[in-house]
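Work through the exercises below with the sequence and the coordinates open. Try each task before reading its solution.

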Amino acid sequence: MNREFTITVDGRECKAVEGQTLLDTAKAAGIRIPTLCHHPRLRNTGACRVCVVEVEGARALVPSCATPVDRDGMVVHTGNERVLKARKLTVELLIASGNHDCPNCHSNGACELQNLAQELEIELPRFPVEHPAYLADNSNPMIVRDLNKCVLCGRCVRGCQEVQVNQVIQFGFRGPHSKIVTGGDVGYGESACVFCGECVQLCPVGAISEKQRTPFGKAWEEKQVRSVCTYCGTGCVVKLHTIHGRVVRVTGDEEAEVNHGSLCVKGRFGYDFIYHEDRLKEPLVREKGKLRKATWDEAFQRVAKGFGRIKEEYGPAALAGLSSARVTNEENYLFMKFMRTVLSTQNVDHCARL
């Protein structure tokens, strides 16, 4: 068993096990430490230094997300003057290094850097704002990338490398020329990206966003509705982000046991069918070669009569059913039972086998 330690965080006695970070220990005790590069689904790197804390006896401030509790009696300060001064300096440098035009950014209200600036009462950084003037990357059909807003937190890199294991996104170049690159510094659309959107989900600012989302309002206007993806039987849990009742984007629910926030390209970006002009919203029946709208009761009665007539005239072998991978195992089982017991046919197949 891992050893247990007792440490003091902001004057409060906290329990920790060997290997647990200072950040996790403080969080378990209800003590908040702000972060930016940290994400619970990703490996800790301590890259942004926003979460620095003071450990008595240590010469320098340490990143709480990457510093383990390794002994009894550690005394940690998460918000004293020295820590807040260093944290504020870090955030000011991040703001000054990019084009963070909050009023015109679609992430306004959901940007972690913006939230940190408000928390630390930063109105304007003390440094001149200089951004590298990168051109927006629109080569991906689903994703827009604006490196002028990137804070080099590396969350998109780790999500692509560790969670999806697509290995498309990486750090490139060095020093002041460092930036996030895809496929050897080519456009998203030219790389081996599979458009899963994990990078979109993990980006804490507005550097990576959904192309479909751009025209519809700001993040602070959104309401979230928890739902289940309709594209297969896996049951990935999604959050539908709506503005005035219209779905403007879809994200994965990071607390869901099924997918932990991850989605495929269809689950994350394939929601435009909701408002497609050709979408069927009510049943149609054919009369004299033309389709007309009908009630569900009328449609079900027609289907039942049609099945009964075919079975009576040609026998059950004339009926066949094709099931779907887009529904649950339980629904597929019920479909199979209906075909075999109600219609008495063994002609049942599944689209995933074809």
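The exercises go from the whole chain to single residues and then to the empty spaces.

The model is predicted, so local features need pLDDT of at least 70 and side-chain atom pairs count only at pLDDT 80 or more, while totals for chains, interfaces and linings use all residues. Residues are numbered from 1 along each chain as its sequence is written, and side-chain values use heavy atoms, with hydrogens and water left out.

**Exercise 1. Describe the chain as a whole.**

Step 1. Count the elements: the chain has 8 helices and 16 strands. Helices (H or I, at least four residues) and strands (E, at least two) are DSSP runs, numbered from the N terminus.

Step 2. Take the extent. Along the principal axes, the C-alpha atoms fill a box of roughly 90 × 50 × 40 Å. The radius of gyration of the chain is 27 Å, where a compact globule of 354 residues would have one near 20 Å. That radius is taken over C-alpha atoms, and the globule rule is 2.2 Å times the number of residues to the power 0.38.

Step 3. Take the burial: 41% of the 354 residues count as buried. Buried means under 20% relative accessible area, exposed over 50%, and partly exposed in between (1.4 Å probe, protein chains only).

**Exercise 2. Place T251 and D253, and find the side-chain polar contact of each.**

Step 1. T251 is in strand β12, residues 246-252, whereas D253 sits in the loop between β12 and α6 (265-269).

Step 2. T251 counts as buried because its relative accessibility is 11%. D253 is buried too, with 4%.

Step 3. The side chain of T251 makes a polar contact of 2.7 Å with that of H241, and the side chain of D253 makes one of 2.5 Å with that of R226. A polar contact is a pair of N or O atoms within 3.5 Å; within protein, one must be able to donate a hydrogen and the other to accept it, and residues adjacent in sequence count only if both atoms are side-chain atoms.

Step 4. Leaving out residues up to four places away in sequence, T251 touches Q201, V238, K239, H241, L263 and R268. With its neighbours within four places set aside, D253 is in contact with residues including V237, V238 and K239. Contact means heavy atoms within 4.5 Å.

**Exercise 3. Is E121 buried or exposed?**

Step 1. E121 lies in the loop between α3 (112-119) and β6 (143-145).

Step 2. E121 is exposed, because its relative accessible area is 67%.

**Exercise 4. Describe the largest pocket and the cavities.**

Step 1. On a 1 Å grid over the protein atoms alone, a cavity is a set of points where a 1.4 Å probe fits but cannot get out, and a pocket is an open set with protein on both sides within 12 Å along at least five of seven lines; lining residues have an atom within 4 Å of a point.

Step 2. The largest pocket has a volume of about 690 Å³. It is lined by 26 residues, of which A110, E112, Q201, C203 and R249 are the closest to its centre. Elements giving two or more residues to this lining are α5 (198-202), β9 (208-210), β11 (237-243) and β12.

Step 3. There are 2 cavities of 30 Å³ or more. The largest cavity holds about 100 Å³; among its 14 lining residues, C150, C156, I180, A207 and I208 are the closest to its centre. The second largest cavity has about 80 Å³, and of its 13 lining residues C160, N166, C193, C196 and C199 are the closest to the centre. Grid points are joined across faces, edges and corners, and a volume is the space filled by probe spheres set on the points.
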